[in-house]
4 protein chains.
Amino acid sequence: MKKLQIGIAGLGRLGKVHAKNIASKISNAELVAACSIVPEELEFAKTELGVNNTYSDFSEMLKNDDIDAVCIVTTSTEHCRQIEAALDAGKHVFSEKPLGTDVAQCKRAEAAVERHPELKFMLGFMRRYDKSYAYAKKLVDEGKIGTPYLVKATGIDPESAVQGAIRFAKTSGGIFLDMAIHDIDLCRWFLNSEAIEVYAMGSTFKHKEFKDAGDDETGVAVYKFANGAMGMIHVGRTAPYGYHVETEVVGTEGTIRISAVPEKNLATVYGTNGVCTECVGSFPERFAEAYLAEMEEFVDCVIHDKKPGVNVYDGTKSTAIGYATTEAWKTGKIIRI
Amino acid sequence: MKKLQIGIAGLGRLGKVHAKNIASKISNAELVAACSIVPEELEFAKTELGVNNTYSDFSEMLKNDDIDAVCIVTTSTEHCRQIEAALDAGKHVFSEKPLGTDVAQCKRAEAAVERHPELKFMLGFMRRYDKSYAYAKKLVDEGKIGTPYLVKATGIDPESAVQGAIRFAKTSGGIFLDMAIHDIDLCRWFLNSEAIEVYAMGSTFKHKEFKDAGDDETGVAVYKFANGAMGMIHVGRTAPYGYHVETEVVGTEGTIRISAVPEKNLATVYGTNGVCTECVGSFPERFAEAYLAEMEEFVDCVIHDKKPGVNVYDGTKSTAIGYATTEAWKTGKIIRI
Amino acid sequence: MKKLQIGIAGLGRLGKVHAKNIASKISNAELVAACSIVPEELEFAKTELGVNNTYSDFSEMLKNDDIDAVCIVTTSTEHCRQIEAALDAGKHVFSEKPLGTDVAQCKRAEAAVERHPELKFMLGFMRRYDKSYAYAKKLVDEGKIGTPYLVKATGIDPESAVQGAIRFAKTSGGIFLDMAIHDIDLCRWFLNSEAIEVYAMGSTFKHKEFKDAGDDETGVAVYKFANGAMGMIHVGRTAPYGYHVETEVVGTEGTIRISAVPEKNLATVYGTNGVCTECVGSFPERFAEAYLAEMEEFVDCVIHDKKPGVNVYDGTKSTAIGYATTEAWKTGKIIRI
Amino acid sequence: MKKLQIGIAGLGRLGKVHAKNIASKISNAELVAACSIVPEELEFAKTELGVNNTYSDFSEMLKNDDIDAVCIVTTSTEHCRQIEAALDAGKHVFSEKPLGTDVAQCKRAEAAVERHPELKFMLGFMRRYDKSYAYAKKLVDEGKIGTPYLVKATGIDPESAVQGAIRFAKTSGGIFLDMAIHDIDLCRWFLNSEAIEVYAMGSTFKHKEFKDAGDDETGVAVYKFANGAMGMIHVGRTAPYGYHVETEVVGTEGTIRISAVPEKNLATVYGTNGVCTECVGSFPERFAEAYLAEMEEFVDCVIHDKKPGVNVYDGTKSTAIGYATTEAWKTGKIIRI
């Protein structure tokens with residue numbers, strides 16, 4: 001069986017995660033090409049991952065006929081353009097979230113996906129592939145908690161990484177676009193409905209640099225969904241204990257809570273601070289398995305002609321909701337979506 | 001040392017809790033009188049608690065000169081009127097929450113308290129006397145979590161008690177006045193600031209009787225506070241697992257979470273359902289110690305001329321916020337407080 | 001209804017707990033007399049608890065005809081003698097554990113109980129009255145875990161109290177008599193069978209003063225029971241995180257574990273040490289409710305002529321097992337009981 | 001860089017786990033040969049894993065010069081003989097536990113390892129490679145809990161798999177050899193000392209077939225170690241909630257507990273049974289990552305000429321302790337090791 005030949009674009013922190021997974025952990029895929037505007041990243045691909053074909057120009061990489069699929073992990077503003085170009089070049093596409101940085105871009109990506117029904121497209125909402133989330137979704141779909149009617153989602157980056165967030169505060173699009181996309185997707189996924197209204201607010205108590213840049217350190221949003229269900233999102237950047245993603249799905253017959261303690265592992269220390277559980281320190285640590293599982297799914301979908309679990313419309317909708325949330329936060333008004 | 005002579009008004013479910021505590025668990029207090037419009041409740045006071053003086057008229061009880069203090073556990077609409085009458089009759093007053101059912105009433109109670117500086121008044125926000133909440137507050141005040149800037153409060157009544165809630169749905173004032181008062185007080189208490197804006201919404205997925213009565217089964221609200229902090233409240237009435245009160249105080253240097261698992265006790269069962277912790281079934285069970293502790297505090301404040309930890313203004317403010325939340329929920333608008 | 005008039009003997013740390021409970025928290029009991037060889041303790045009884053009748057001689061207190069019952073919280077060596085004297089003087093008796101410091105003593109106490117069937121006797125195995133243990137026992141008796149066949153019991157005193165333990169190391173009878181009596185009682189209670197064989201060992205890694213005194217800092221024992229069930233006990237004195245009592249009952253259809261985290265309350269701190277739960281610091285803190293509940297039971301049994309849940313034979317048997325465990329530990333041999 | 005060419009012997013349940021890991025998850029290894037006496041297993045290797053060279057005779061596989069290393073997952077009685085043959089044939093060897101089924105066998109394996117210092121040998125104590133255990137070991141080695149002096153280890157197979165255990169009860173060597181080897185290794189590893197004495201007992205309350213076969217359903221053992229430390233082991237086969245491996249390392253300055261709740265994932269269900277966490281169902285599920293990590297370590301040690309973390313002597317010692325435990329259990333005597 002021929003292995004899927006993949007070219008990757010973008011080899012930053014998350015790009016490296018995907019590249020290593022493709023290169024060495026997915027048996028029926030091969031990393032054959034890498035594209036980056038950062039020479040060190042291409043050097044990394046060559047020496048660490050044995051990738052022979054490296055490119056500084058995405059369109060050049062697309063000309064390589066040996067490549068079956070591309071994995072896009074570039075900056076968000078490039079996603080839609082590259083998705084379109086790759087599909088038009090006949091490549092299957094896996095793209096990191098967000099789909100695009102505005103809805104118009106997303107619509108162009110949608111059009112590209114629609115005019116290439118012969119190609120697979122998948123968006124990197126990897127949380128759906130985390131075993132705890134997948135298990136929760138299965139229970140919800142089986143009716144274990146009756147009808148889900150409220151999702152409470154929390155996503156907080158570690159204080160240890162806050163300087164990076166401060167550096168990008170002016171260009172990140174604001175805390176909701178930067179951080180809440182995954183939580184928005186989870187609300188839609190679990191509630192099986194679309195958000196129709198949002199109200200949001202933010203605060204900055206620790207690092208005034210966020211405020212100075214027009215951003216906030218912490219954001220809170222509430223959503224009404226078309227079916228009457230509700231969502232509550234809390235995103236932040238200053239958790240002193242690590243990387244904290246927690247989600248709760250409240251239903252008529254029960255509630256499922258995922259990761260109330262963002263435990264690093266199963267060891268607990270009974271010491272002078274009481275009984276303590278150390279926490280995961282970053283998203284690559286928390287979602288290492290999920291990043292691998294989603295890429296396996298993508299490869300599997302291409303090889304066996306199956307439909308990926310996350311489609312292009314999931315990307316457009318999350319982006320649209322992210323923008324509406326941002327508008328609510330900036331204007332202080334309730335925004336209809 | 002003479003014991004504090006207390007008369008109680010109202011001997012329903014919660015009234016009985018207070019009456020028993022005063023009668024048999026507080027060494028320096030004595031339950032000497034009881035007032036109720038329900039004959040069975042007076043019979044209970046006589047036979048079960050040995051109370052000799054019983055009244056069906058509150059003003060009659062106030063004429064009893066042997067009574068030093070009254071404990072008001074009547075229906076909410078009576079609270080302010082009875083507080084005023086009792087203070088004017090020279091009695092110290094403990095009143096159950098809410099202070100009143102509108103802000104004008106509360107203002108009259110405030111005035112009564114102010115014109116009787118020689119008398120103690122305390123409002124029954126018992127959660128502040130629960131050992132877990134008291135411990136959390138102490139940690140917050142000691143700066144253990146830096147500056148608190150977000151309170152996330154959850155309060156869900158058990159499904160097992162839902163028929164009672166349905167019965168009172170038309171007259172309860174709606175889910176936020178009925179259920180969120182304690183959570184509102186906790187936000188104010190932990191954040192040490194006042195709410196200035198609220199947005200709220202509700203949903204009914206299980207018992208349409210709530211909707212029919214103009215109420216909702218579940219409510220969600222978000223608040224801006226004067227100091228820039230934020231609050232998120234989720235109240236409901238249909239928890240299948242028991243009575244669930246959970247609160248999270250998020251600060252710049254850490255977070256304190258109280259009762260993520262509303263455990264009944266410290267036993268855990270490892271069985272065919274996995275590893276399970278049974279939950280408390282009701283507010284009297286969850287807050288049994290807190291109801292006692294707050295009454296001990298009240299008695300102690302009267303006897304030793306100390307200031308109770310909850311004052312009349314806490315009552316007015318929580319009521320005002322409760323009304324604003326209700327307005328936000330009913331109108332779908334953001335309400336300035 | 002006349003209140004039960006109680007005289008207490010011994011007002012050390014635990015004696016004060018009992019004295020306060022009787023004096024102010026049990027409505028149908030009254031603390032009317034106190035006996036101690038320590039003048040300060042009698043002073044405490046007078047000024048803090050309003051006890052008028054104080055004695056330095058136990059037999060003098062027994063002559064007081066107003067006393068219905070005595071509560072014995074003296075040093076262990078006095079228990080049996082005082083139990084016998086009190087019963088012979090016509091008083092109901094509550095005695096702290098252990099029943100006696102050797103089996104012969106216990107047998108004399110048994111004989112005294114047997115010749116006074118008109119009087120109540122109860123031994124202070126208060127863990128049975130802790131709500132978590134009582135709940136576990138109820139589940140076991142209901143068959144929730146099938147047939148219980150293994151009890152794993154842990155009891156560790158806090159390092160903060162170790163100096164006291166070192167001071168009494170020479171006279172305490174050794175770690176198993178000093179600390180394992182409650183755990184032994186729990187094994188018997190949950191397994192509903194008697195131990196027939198024991199093997200034990202100990203170690204001292206932190207405070208060699210224990211070894212110097214012929215004692216050990218930590219002890220481990222395993223038991224065979226008459227019905228084929230087994231017990232494992234781990235006792236220690238150096239927990240840096242607080243007072244740790246944990247028990248596990250393993251049955252054919254499930255396991256119940258009590259207090260795997262000896263939590264101080266329901267608050268959890270998410271901070272730089274991870275997610276931490278502070279622990280209870282001492283046995284009076286952990287078992288405050290249980291000490292009250294067992295005394296309520298005793299008073300209730302006397303007043304309503306009921307049989308207490310812990311009898312004199314429970315005391316003899318636990319003592320016998322404690323001695324056998326001590327012999328196993330000292331000789332390095334398996335001991336038949 | 002040339003990949004390590006591995007041949008596997010034995011493709012039962014655990015053999016398949018190793019085979020798949022080598023074939024598709026370890027980038028610098030390749031599964032090039034498979035040996036089994038079960039035709040279906042060879043068929044699996046061919047069709048599922050693309051292994052071309054299959055053998056029914058282990059010595060034939062050793063003649064294949066393309067094979068650098070062998071992975072032995074055959075029945076325990078074959079381990080030592082195959083280890084010796086493979087080393088003498090110039091192959092690096094990874095062997096599943098136990099090293100051998102008696103100490104004499106183990107000594108021959110030791111001799112073979114010693115006469116081939118140019119070859120790597122590693123034993124499959126995979127728990128050491130589980131991230132929770134590795135983290136605990138790191139904390140212990142860093143002195144986080146002071147001096148470790150007691151290990152409490154629990155290993156219980158799920159009731160769902162009990163029929164298989166019953167089938168092999170007569171030939172398994174008894175519960176301690178069959179189940180406690182990993183726990184024995186953990187005690188030695190964490191305490192950094194050797195067991196010198198053991199006492200053990202067992203019971204059978206659910207499936208009398210174990211008793212009939214001279215085995216027991218549940219076993220309990222306690223150990224003295226050369227440095228004065230102690231071990232307690234509880235092994236069983238009838239956990240209704242899943243596969244339960246829990247370990248506690250008690251030290252002078254703290255305790256580390258691993259997997260008190262053998263959670264399946266991070267989702268928790270709040271439903272009518274209370275707050276429940278589902279458990280892992282089997283050892284391949286619990287230790288999936290550890291099986292991969294140990295094989296990566298083996299491959300890495302061969303390629304980069306490093307010393308594996310588990311050596312042949314770990315195997316002999318665990319086996320010796322396992323036999324002594326079995327003797328203690330069968331004779332009812334304390335056994336010096």
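**Exercise 1.** A:Pro98 sits in the loop between β5 and α5 (103–114) of chain A. What is omega near for the peptide bond from A:Lys97 to A:Pro98?

*Solution.* A word on the ground rules before the steps. You're looking at a predicted model, where local features need pLDDT of at least 70, side-chain atom pairs count only at pLDDT 80 or more, totals for chains, interfaces and linings use all residues, and side-chain values use heavy atoms, with hydrogens and water left out. Residue numbers start from 1 along each chain as its sequence is written, while chains are lettered from A and ligands numbered from 1 in the order in which they are written.

- Step 1: go to the bond from A:Lys97 to A:Pro98; omega is near -5°, and the bond is cis.
- Step 2: try chain B, where B:Lys97 and B:Pro98 are joined by a cis peptide bond with omega of about -5°.
- Step 3: place B:Pro98, which lies in the loop between β5 (92–95) and α5 (103–114) of chain B. Helices here are DSSP runs of H or I with at least four residues, strands are runs of E with at least two, and both are numbered from the N terminus.

**Exercise 2.** Find the backbone oddity at C:Ser259: is phi positive or negative?

*Solution.*
- Step 1: read off phi, which is near 65° and hence positive, in a residue other than glycine.
- Step 2: locate C:Ser259, in the loop between β12 (254–258) and β13 (267–271) of chain C.

**Exercise 3.** Work out the strand order of the open sheet in chain A, then see which helices pack on that sheet.

*Solution.*
- Step 1: line up the six strands and you get β3-β2-β1-β4-β5-β6 (chain A), paired in parallel. Two strands pair if DSSP finds at least two bridges between them.
- Step 2: look at the edges. β3 (53–55) and β6 (121–123) of chain A each have a single partner strand, so each has one side without a neighbour in the sheet.
- Step 3: check the twist; neighbouring strands are turned by 25° against each other on average, direction ignored.
- Step 4: zoom in on one pair. Strand β2 (residues 29–35) of chain A runs parallel to β3(A) over three bridges, and A:Ala33 stands opposite A:Asn53 in β3(A).
- Step 5: add helix α2 (residues 39–49) of chain A, which packs on the sheet against β2 and β3 of chain A, its direction making about 150° with that of β2(A). Touching means heavy atoms within 4.5 Å.
- Step 6: add helix α12 (residues 288–303) of chain A, which touches β1 (4–9), β2, β4 (69–72), β5 (92–95) and β6 of chain A and makes about 165° with the direction of β5(A).

**Exercise 4.** How do α6 and α9 of chain C pack: at what angle, and how far apart are their axes?

*Solution.*
- Step 1: take α6 (residues 131–141) and α9 (residues 181–191) of chain C; they pack at about 30°, with axes 10 Å apart. Axes are lines fitted to C-alpha atoms, for helices over the stretch in contact, and angles run from 0 to 180 degrees between N-to-C directions.
- Step 2: classify the angle, which makes α6(C) roughly parallel to α9(C) (under 35 degrees).
- Step 3: name the contacts. α6(C) brings C:Tyr133, C:Ala134, C:Ala136, C:Lys137 and C:Val140, and α9(C) brings C:Leu186, C:Trp189 and C:Phe190.

Definitions and conventions
Parallel < 35°, antiparallel > 145°, perpendicular 65-115°, else oblique.
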